[in-house]
Amino acid sequence: MIAGPKVLLAGGGSAGHVNPLLSVADTLQNRGFIPEALGTAEGLEAELVPAAGLALHTIDKVPAPRSVNSDIFRFVPRLKATIAEVEKIIRSSGSEIVVGFGGYVSAPAYLAAQRVGIPFAIHEQNVRPGLANRLGARAAKVVALTFENTKLRAKRGTTEVVGLPLRPEIERLARDRQDPKKRRQRRVAAARELGIDPKRPTVLLTGGSLGAQRLNDVMSQAAGHFDSRVQIIHLTGYGKADGIAQTVAHSGFTGSWKVVEYARNMEFFYAVADLVICRAGAGTVSELTALGMPAVYIPLPIGNGEQRLNAAAHVQSGGALLFDNSDLSDQIVRLWIAPLATATDRLSKMSRSSRRLGRIDAAARMGELIESLVQPQLEVRP
């Protein structure tokens, strides 16, 4: 049996980089490729990549200096050493293609691929691309984008909007939700798993695995504005559930407010939700549009403003609302968010708008683009 082409997938640090990497790896394996991963020993990839059955090669993080100062003199030698290390990994693994998902490990991977003489592809998840992918786009054979309004183009290769490669379980749910019968079946099964009523209006409130303290505080304090028919599933984040139930009870809310610190099977929570209140990371926005779900976004107020940009098209389509973190208040919940939870007709319209925007087949399309880079009898320079 002839072994398939070997691909080195570079990315890590956060779930936003690791989950698309794993989705593409799964697709490539189904196409006969042999994927391996490049990451760090400290990032989330150190846990998730081996758990997915992939080989993980680790390198040190080499963050670029934020300004021109004495750090540059330490950065350049470290970067050169890291590039040389990645070169060795490419040669020893026999990788014929490199695919980067941004982050610390991607820039050395792109530079090493150029030096070895193999093609590389880029996937950019955010509307506002990071430094590694901006630099890599100058020589990449393929630049794949999550969002239409991302200003990143391959200088010498192909640029295509593919969406964000979804986790397989989320992709399966997205396909099932397009069939009304399967959608009901998934909702009932998930409600049974979570111990809630599938017939009641359900709101999912989440700040991600780390939680969002402002969402936790404001929403629990304003819980009394929600109709008693509504059931809230509140994913607080690790270690942030203390006091939430008491605050909700004090608000006068008489519906069901289920507090959970962390969701290991997010597809269950999505399957029962009629509305999601959340941050606006690229992964979250992509999942919600693929699933055809209405959303209220409260973008994370740090970084370079990419979360607001990630959500822009969803909001403009009519499928979501957006409020700045600093504006989220009792009044906003009372006037805008709480009434939406029981506005069945409006939620249906928002759902249709979301579904028109969503992309389900990003992982498959990435597989096709990567496969197009395979050259017969590709030779790596010694």
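Helices, counted here as DSSP runs of H or I of at least four residues, are numbered from the N terminus. In the predicted model, helix α4 spans residues 106-116. The residue that follows α4 is G117, and its phi is positive, near 95 degrees. Within α4, the buried residues are S106, P108, A109, Y110, A112, A113 and V116. An α-helix has 3.6 residues a turn, so residues three or four places apart point the same way.

The chain as a whole contains 15 helices and 13 strands. Along the principal axes, its C-alpha atoms fill a box of roughly 70 × 50 × 35 Å. The radius of gyration is 22 Å; because a compact globule of 382 residues would have a value near 21 Å, the chain agrees with that expectation. Half of the chain is shielded by the burial criterion, in that 50% of the 382 residues count as buried. Contacts were also sorted by the separation of the two residues in sequence. Of the contacts between residues at least 6 apart, 65% join residues at least 24 apart.

Seven of the strands were examined as a sheet. The sheet is open, has 7 strands and follows the order β3-β2-β1-β4-β5-β6-β7, with parallel pairing. Its edge strands are β3, at residues 56-58, and β7, at residues 158-161, each of which pairs on one side only. From one strand to the next, the twist averages 20 degrees. Strands of a sheet pair through backbone hydrogen bonds, either parallel or antiparallel. At the β7 edge, the partner strand is β6 (residues 142-145), and the two pair in the parallel sense over 4 bridges. Here V143 stands opposite T159 of β7. Helix α1, made up of residues 15-30, packs on the sheet and touches both β1 (6-10) and β2 (34-39). The direction of α1 makes about 170 degrees with that of β1.

A further site concerns a charged residue, E267, in helix α10, which covers residues 266-272. E267 is buried, yet no salt bridge is found for this residue. The nearest side chain of opposite charge belongs to R186 and is 5.9 Å away. A salt bridge requires a side-chain nitrogen of Lys or Arg within 4 Å of a carboxyl oxygen of Asp or Glu. With neighbours within four places in sequence left aside, the contacts of E267 are E169, I170, L173 and R186. R186 is therefore in contact with E267 under the cut-off of heavy atoms within 4.5 Å, although E267 has no salt bridge.

Key
Residues are numbered from 1 along each chain as its sequence is written. This is a predicted model: local features need pLDDT of at least 70, side-chain atom pairs count only at pLDDT 80 or more; totals for chains, interfaces and linings use all residues. Side-chain values use heavy atoms; hydrogens and water are left out. Two strands pair if DSSP finds at least two bridges between them. Axes are lines fitted to C-alpha atoms, for helices over the stretch in contact, and angles run from 0 to 180 degrees between N-to-C directions. Buried means under 20% relative accessible area, exposed over 50%, partly exposed in between (1.4 Å probe, protein chains only). Lys and Arg count as positive and Asp and Glu as negative; His and the chain ends are not counted. The radius of gyration is taken over C-alpha atoms; the globule rule is 2.2 Å times the number of residues to the power 0.38.
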